[in-house]
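Reader: I should like to learn how to read a structure of this kind, feature by feature. Would you please guide me through one?

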Amino acid sequence: MTNPIPFEIVTDGTYAVAFAATCTPHETRRGVQLTGTCPRCGDPMYFPVPVRVFQRPASATPAAKTEPVMCTCRITHPRTPEGDEGCGAYWNIELSK
Amino acid sequence: MTIRVSAGRTAEPHDRQVAKATRELLAGELTRVRSGALAWRNGLGALLAGLISFGLVKGRSDITQLDPLYAAVVGCLLLASLTAGAAAAVLIMRAAHGRPYALTLRKVVDESVADPAGAAQQAEASASERALRWGVVLSFCCVALLTSAVGVTWYGPENAKPLLQVHLSNGTVPCGEIVSLSAGRLTLRTSGGQVTVDLTKADGMTPVDSCTSPQG
């Protein structure tokens with residue numbers, strides 16, 4: 001078993017393409033569930049994209065089409081700040097029908 | 001319909017903050033739904049209790065005094081109100097406190113996702129939110145149906161009073177609702193107004209459902 005890479009908030013132009021290639025979207029009553037692999041750490045991750053959340057502040061409503069995604073893998077990466085999760089990678093995707 | 005995932009625009013640090021905020025909102029959603037359901041339960045309970053104060057404003061309270069058709073309507077409204085109220089109570093309690101029974105593990109833990117615990121919590125938050133929404137809608141339906149039942153009871157037409165047909169020796173047959181009887185004299189409310197009949201001159205009396213024969 002390899003050691004997990006250190007936590008680092010970072011993005012890369014290839015992340016979104018790589019994630020889109022491994023991602024399986026599943027439509028639910030309240031949005032879309034994305035299951036795929038983090039393009040940075042390679043760990044499986046699950047990211048729900050809600051269309052609505054109970055008592056959600058309007059300021060946190062994401063843009064209409066572009067959905068920001070971050071690594072939410074359950075692996076504990078070294079140097080992960082308290083209250084954070086994943087390996088720190090983030091990228092943007094677009095969902096379409 | 002198939003959903004397609006494609007690469008979006010180049011991400012910026014703000015995008016991770018938005019993604020993180022979404023995650024945090026979803027993580028705390030179940031707690032918010034539970035506390036929201038408790039507040040709704042208390043508020044709707046107070047609303048229903050307030051309806052009891054309707055009792056201070058007295059109207060007709062016995063549906064046997066109503067026209068049978070309207071009495072049946074009141075019965076249906078009360079049954080619908082009771083059903084809606086019971087369903088609303090169950091749904092709001094379910095939203096506030098969870099299901100009153102255990103689920104099979106396979107229904108709770110989705111092995112196909114990377115974060116089964118998070119997915120299970122979001123599924124429960126979603127189900128609770130739906131239960132709360134329907135519970136609130138049904139509560140207002142219950143109140144509306146109950147108010148309608150009270151309204152129909154108060155303002156619905158009265159049940160028809162028993163009618164009496166009196167056969168007098170002079171051949172006339174007055175028919176109508178009994179108003180009074182004293183000293184051998186019967187007063188009837190006929191379609192032509194009140195008529196007083198001397199019962200010593202009556203050959204007979206017949207209770208009838210409607211006054212169809214010529215009246216005196």
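Author: Let us begin with a helix and its buried side. The model is a predicted one. In helix H2 of chain B, the buried residues are B:Glu29, B:Leu30, B:Val33, B:Ala37, B:Arg41 and B:Leu44.

Reader: How should one read the spacing of such a list?

Author: An α-helix has 3.6 residues a turn, so residues three or four places apart point the same way. As for the cover, helix H1 (13-27), helix H3 (68-97) and helix H5 (116-155) of chain B are among what lies over the buried residues of H2(B).

Reader: What length should the 24 residues of H2(B) span?

Author: At 1.5 Å a residue, helix H2 (residues 29-52) of chain B should span 34 Å. The C-alpha atoms at its ends are 35 Å apart, which agrees with that expectation.

Reader: How many residues of chain B are in contact with chain A?

Author: The size of an interface is often given as the accessible area lost when the parts come together. Here we count residues instead: 34 residues of chain B are in contact with 41 residues of chain A. Strand S1 (4-7), H1, H2 and H5 of chain B each give two or more residues to this side of chain B. The largest share, 10 residues, comes from H1(B). By character, the side of chain B that touches chain A divides into 15 nonpolar, 9 polar and 10 charged residues.

Reader: Which strand of chain A pairs with S1(B)?

Author: Strand S5 (residues 90-96) of chain A pairs with S1(B) in the antiparallel sense, over 4 bridges. Within this pairing, B:Val5 is the bridge partner of A:Leu95.

Reader: In what order do the strands of the open sheet in chain B lie?

Author: The order of the 5 strands is S5-S4-S3-S2-S6, and their pairing is antiparallel. Strand S5 (193-198) and strand S6 (202-208) of chain B are the edge strands, since each pairs on one side only. From one strand to the next, the twist averages 40°. Strand S4 (residues 185-190) of chain B is joined to S5(B) by 6 bridges, and B:Thr190 stands opposite B:Gly193 in S5(B).

Reader: Why is A:Ile9 classed as partly exposed?

Author: A residue counts as buried from 20 other C-beta atoms within 10 Å, and as exposed at 12 or fewer. A:Ile9 has 17, and is therefore partly exposed. This residue lies in the segment before helix H1 (15-22) of chain A. Leaving aside neighbours within four places in sequence, A:Ile9 is in contact with A:Gly88 and B:Arg16. The C-alpha atoms of A:Ile9 and A:Cys71, 62 residues apart along the chain, are separated by 9.8 Å.

Methods
Residues numbered from 1 in each chain as written. Chains lettered and ligands numbered in written order. Predicted model: local features only at pLDDT ≥ 70, side-chain atom pairs only at ≥ 80, totals over all residues. Expected span 1.5 Å × (residues − 1). Contact = placed C-beta atoms within 7 Å. Nonpolar A, V, L, I, M, F, W, Y, C, P; charged D, E, K, R; others polar. Pairing = 2+ DSSP bridges. Axes fitted to C-alpha atoms, helices over the stretch in contact; angles between N-to-C directions.
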